[in-house]
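This report introduces a protein structure to a reader who has not met it before. It moves from single residues to the fold as a whole, and then to unusual points of the backbone.

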Amino acid sequence: MVENMDKIFIRDLKKYSDKEVTLHGWVYSLRSIGKIWFMILRDGTGMLQCVVVKNDVDQETFQKEELLTQESSVSVTGIVRLEQRAIGGVELGVKAIEIHQIADEYPISPKEHGTAFLMDNRHLWIRSKKQHAILKVRHQVIRAARNFFDDNDFVLFDSPMLTANAAEGTTSLFNVDYYDRTAYLSQTGQLYGEAGAMSFNRVYVFGPTFRAEKSKTRRHLTEFWMLEPEIAYCDINENMEWAEKLIMHIVNHCLENCQAEFEILERDVSKLEQIKMPFPRLTYDEAAKLLNDKDIDFEYGTDFGGADETVIAEQFDSPVIIHRWPAEIKAFYMKRANDNPDLALGMDILAPEGYGEIIGGGQREDDHDILVERIKEHKLPMEPFKWYLDLRKYGSVPHSGFGLGLERTVTWICGIKHIRETIPFPRTMARLEP
Ligand code: 4AD
Ligand code: MG
């Protein structure tokens, strides 16, 4: 590991008790009580109370309080002292302050701001405590997922963002001028992942995916990231086991590594702690019956709406797997059940606490001729799928996979209301800036 290039971070300060250190960061807040002033410094790894005492520093240093503003950039030198009452258990007795830039009046203050204003200032808002915590959880979710795949013989397999294939329906495609033809932004890496699985056995695709969603909900982005494992010689049952193990691993990793963030977010971690394997499994029929038994107006054969998903998920403490779906409402590539051709071997996973679908996947159709029929039924052009059909001509095997929506998962793990806060720069129907 590179030794931080000699830089010391606030996170590690307890090790430096009574030592002189220099920290580089930004002014979070300032407070003066006459002969002493306090600056809370943030450096991206933590917050630190810096104490400037008139009798301990030269006059020029003491007067810097009048110059400094919120978010000014500074390097601060001083002696680290253990101090129970300070945030992080340490404070800094300041000796010198080097100012890099005095910040203009910062638009974001601790007072309440409207969401539109905060989103317009997203490039600054990400410095705020809560946003910072959410994005750190995102980092840990990615880390957990990647560790899980890497430790289980999955090979990272990158798929293109520009593609000729409509894989998840034609209504949510973004078109891009591609020389003399039209390309789509990728809705899923799955089809390419399937090619990868025939080469490596187990692969995972991880990257951004795009959907021109017409819905403005708190669960939809137009650009979101998906973790998509694809596994050769794997049926729907094994697929469900992989999905369940992945989620369990992410939850446990976050419980171990995100305590500080959960505290900032006031996350009720008991809800995460009570998650246990095996997760409950319902067929689509059982889930539909559950809704009907509760007198919910649900039409058999349609997809569950957000409110339906919440009712189903509320019955359980752990995420719930729903499998065996009406084939009509699922993608063209899904394999049908042996015992009922009207059912697709798809599986979705709903997060607890009403966070909705975090995983979609299933077993893939592996027969060439059936797949050709499905492509026709879905009125998709055959030409762009020729390479995909090849996979059924050269050593086709039963295979399965799924896509975990990263931002939906982070929304749930953080226990926050809206998906837009789980990605540094969200893209929605109405937002392309910043
Ligand atoms: O269920 P979906 O559409 O499945 C697929 O795309 C498969 N090809 C994946 C695969 O089998 N490899 O999407 C997968 C997940 C959803 O469960 C949801 O969590 C997330 O992606 N998702 C979205 N997240 C945010 N905004 C949107 N507009 C999303 N659409 C789907
Ligand atoms: Mg889905």
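A residue is called buried when its relative accessible area is under 20%, exposed when that area is over 50%, and partly exposed in between. L162 has a relative accessibility of 40% and therefore counts as partly exposed. The structure discussed here is a predicted model.

**A surface patch**

L162 is placed in strand β7, which covers residues 162-163. Together with Y178 and Y179, L162 makes a nonpolar surface patch of about 370 Å².

**The overall fold**

The protein has 434 residues, of which 51% count as buried. Its secondary structure comprises 13 helices and 17 strands. Along the principal axes, the C-alpha atoms fill a box of roughly 85 × 55 × 40 Å. The protein exposes about 21700 Å², and 49% of this area is supplied by carbon and sulfur atoms. Among contacts between residues at least 6 apart in sequence, 65% join residues at least 24 apart.

Two domains are assigned: domain 1 spans residues 10-101 and domain 2 spans residues 122-422. The C-alpha centres of domain 1 and domain 2 lie 46 Å apart. A further distance can be given for E299 and E71, which are 228 residues apart along the chain and whose C-alpha atoms are separated by 54 Å. E299 belongs to the loop between α9 (284-293) and α10 (306-314). With a relative accessibility of 58%, E299 counts as exposed, because this value is over 50%.

**A buried residue in a strand**

T209 is situated in strand β10, which runs over residues 202-210. Its relative accessibility is 2%, so T209 counts as buried. Leaving aside residues up to four places away in sequence, T209 touches S186, Q187, T188 and G189, as well as T222, E223, F224, M226 and E228.

**Helix α4**

Helix α4 consists of 23 residues, from 129 to 151. From its first C-alpha to its last the helix reaches 33 Å, close to the 33 Å expected at 1.5 Å a residue. In general, an α-helix has 3.6 residues a turn, so residues three or four places apart point the same way. Just after α4, D153 adopts a positive phi of about 70°.

**Positive phi and cis peptide bonds**

Y233 and E266 also have positive phi values, and neither residue is a glycine. Y233 is located in the loop between β11 (223-232) and α6 (236-257). Because its relative accessibility is 60%, Y233 counts as exposed. E266 is found in the loop between α7 (259-265) and α8. At 71% relative accessibility, E266 likewise counts as exposed, since the value is over 50%.

Cis peptide bonds join M277 to P278 and E433 to P434. P278 occurs in the loop between α8 (270-273) and β12 (281-283), whereas P434 lies in the segment after α13 (406-414).

The backbone angles named in this section and the preceding one are listed below.

| Residue or bond | Angle | Value |
|---|---|---|
| D153 | phi | about 70° |
| Y233 | phi | about 50° |
| E266 | phi | near 55° |
| M277 and P278 | omega | about -5° |
| E433 and P434 | omega | about -5° |

Methods:
Residues are numbered from 1 along each chain as its sequence is written. Chains are lettered from A and ligands numbered from 1 in the order in which they are written. This is a predicted model: local features need pLDDT of at least 70, side-chain atom pairs count only at pLDDT 80 or more; totals for chains, interfaces and linings use all residues. Side-chain values use heavy atoms; hydrogens and water are left out. Helices (H or I, at least four residues) and strands (E, at least two) are DSSP runs, numbered from the N terminus. Buried means under 20% relative accessible area, exposed over 50%, partly exposed in between (1.4 Å probe, protein chains only). Contact means heavy atoms within 4.5 Å. The expected span of a helix is 1.5 Å times one less than its number of residues. Patches are made of residues with over 30% relative accessible area and no salt bridge: like charges are joined within 9 Å, nonpolar side chains (Val, Leu, Ile, Met, Phe, Trp, Tyr) within 5 Å. Accessible areas come from the Shrake-Rupley method with a 1.4 Å probe; for residues, only the protein chains shown count as cover. A salt bridge is a side-chain nitrogen of Lys or Arg within 4 Å of a carboxyl oxygen of Asp or Glu. Domain bounds come from an automatic or database domain assignment.
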